[in-house]
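Biologist: I would like to take a close look at a single part of this model, and I would be glad if you spelled out each term as you go.

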Amino acid sequence: MSKLKGVLLMAYGTPRNLDEVEPYYRDILRGREPRPEAVAELTERYRRVGGKTPLLEITRKTADLLGERLNRGGDSWRNYVGMKHWHPYIAGTVEQIVAAGVEELVAIVLAPHYSRGSIAEYQGMVVSSLEGAATPRATRFIESWHANPLFTQLIARRIQEGLALFDANPADVEVLFTAHSLPARILESGDPYPDELHRSAEAVADAAGVASWRFSYQSAGKTGMAWLGPDILDSIEAIADEGGRNILVAPFGFVCDHLEILFDVDIEAKDKAATLGVNLRRIEMPNDSPEFIEVLHDLVATGEGARAVDL
């Protein structure tokens, strides 16, 4: 009898309706009360994208499709979804995994680039949730997977498809890679996040044959502390000042349509570009596409281009 294996897909989390925005925000702040004006601003952002994002639904569908793909070979796989800051929480999902008797587990955060300020927190949640489990299990945590060749090719194709939508020579379109900003203090400890992002962007740009590109961060928190830059809005302004009139945003630090894409890029960044006379588009996100399912399958089956640790 084959071992029961499992995959845990993890993402940040999202409120399921506007009433959940405030408690969701409180969870992000680890129980501290958010400022009323900050809650109002976040609520308005969710309202402008339809009251919620499809993050949870897309992640669940991704897990289902990945499970189907993994089980084609006759193995016995069960796939699970856990969120860092909202339901279904990672801890509760790990309880289900333990109760189901999963003997081998692969844990993947749906973010390709590693940082101690982000991915390591998910890892800690998995470790603490598994402590005290009656049945030992082999758990492999994939820390970083931006170098997976299938992922590089997927984003490169999305860029090529996006460039074809412009009424301009592709050489005249600036590709702007973006990823979530983090507090600048991570640099003090030599966090590998910026280096991984730049190496990843170079690999994708080479694969796509991109003539002109640059990198910026997006979605920085409003905390009063310094965050990694340059910010996407500043980069858009810089491109416009240099005479650029066409920008293709490639948010390769994300894999799914959620607030940082649907508002920060599709509304805020596009509005900024429009005021500067710049035509801004973005690539189609991987979401639950067949190509992305193949990326995840490759990570689980071969681990190529990934860095993993045994927990």
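Biologist: Is Pro251 buried or exposed, and what is its relative accessible area?

Modeller: Before I answer, please note that this is a predicted model, in which local features need pLDDT of at least 70 and side-chain atom pairs count only at pLDDT 80 or more, while totals for chains, interfaces and linings use all residues. Residues are numbered from 1 along each chain as its sequence is written, and side-chain values use heavy atoms, with hydrogens and water left out.

Pro251 is buried, with a relative accessible area of 1%; here buried stands for under 20% relative accessible area, exposed for over 50%, and partly exposed for what lies in between, using a 1.4 Å probe and protein chains only. Pro251 is found in the loop between β7 and α9 (259–262), where helices (H or I, at least four residues) and strands (E, at least two) are DSSP runs numbered from the N terminus. If we leave aside residues up to four places away in sequence, Pro251 touches Thr178, Gln218, Ile261, Ile283 and Met285, a contact being heavy atoms within 4.5 Å. By comparison, Val300 lies 49 residues from Pro251 along the chain, and the C-alpha atoms of these two residues are separated by 24 Å.

The strand β7 also leads us to helix α8. In α8, which spans residues 232–241, the buried residues are Ile232, Leu233, Ser235, Ile236, Ile239 and Ala240. Looking down the axis of α8, one finds these buried residues within an arc of 160°, so they line one face of the helix; the arc is taken from the directions from the helix axis to the C-beta atoms. Among the elements that cover the buried residues of α8 are β7 (246–250), β5 (174–180), β6 (213–218), α10 (264–275) and β8 (279–282). After α8 comes Gly243, whose phi is positive, near 95°.

From here we can turn to the aromatic rings. The structure holds nine aromatic pairs, where rings of Phe, Tyr and Trp (its six-membered ring) pair if their centres lie within 6.5 Å, and planes under 30 degrees apart count as stacked, over 60 as edge-to-face and the rest as tilted. In one of them, Phe215 and Tyr217 have ring centres 4.8 Å apart and planes at 85°, so this pair is edge-to-face. Phe215 is buried at 8% relative accessibility, and Tyr217 is likewise buried, with a relative accessible area of 3%. Both rings belong to one aromatic cluster, formed by Phe177, Tyr193, Trp213, Phe215, Tyr217 and Phe252.

The loop between β6 and α8 brings in charged side chains, through Lys222. Lys222 forms a salt bridge with Glu41, the closest N and O atoms being 2.5 Å apart; a salt bridge is a side-chain nitrogen of Lys or Arg within 4 Å of a carboxyl oxygen of Asp or Glu. This pair links distant parts of the chain, since Glu41 sits in helix α2 (residues 36–48) and the two residues are 181 residues apart. Lys222 is exposed, with a relative accessible area of 61%, whereas Glu41, at 32%, is partly exposed. Both take part in a network of salt bridges that also links Arg45, Asp264 and Glu268. By the rule just given, the count comes to 24 salt bridges.

Another of these salt bridges joins the side chains of Arg307 and Glu143, at 3.2 Å from N to O. This pair too links distant parts of the chain, with Arg307 in strand β9 (residues 307–310) and Glu143 in strand β4 (residues 138–144), 164 residues apart. Arg307 is partly exposed, with a relative accessible area of 35%, while Glu143 is buried, at 10%. The charged end of Arg307 also sits over the ring of Tyr114, 5.2 Å from its centre, which is counted when NZ of Lys or CZ of Arg is within 6 Å of the ring centre and within 35 degrees of the ring normal. Glu143, for its part, is touched by Gln123, which also touches Phe141, Val309 and Leu311, again not counting residues up to four places away in sequence. Gln123 has its place in helix α5 (residues 119–130) and counts as buried at 17% relative accessibility.
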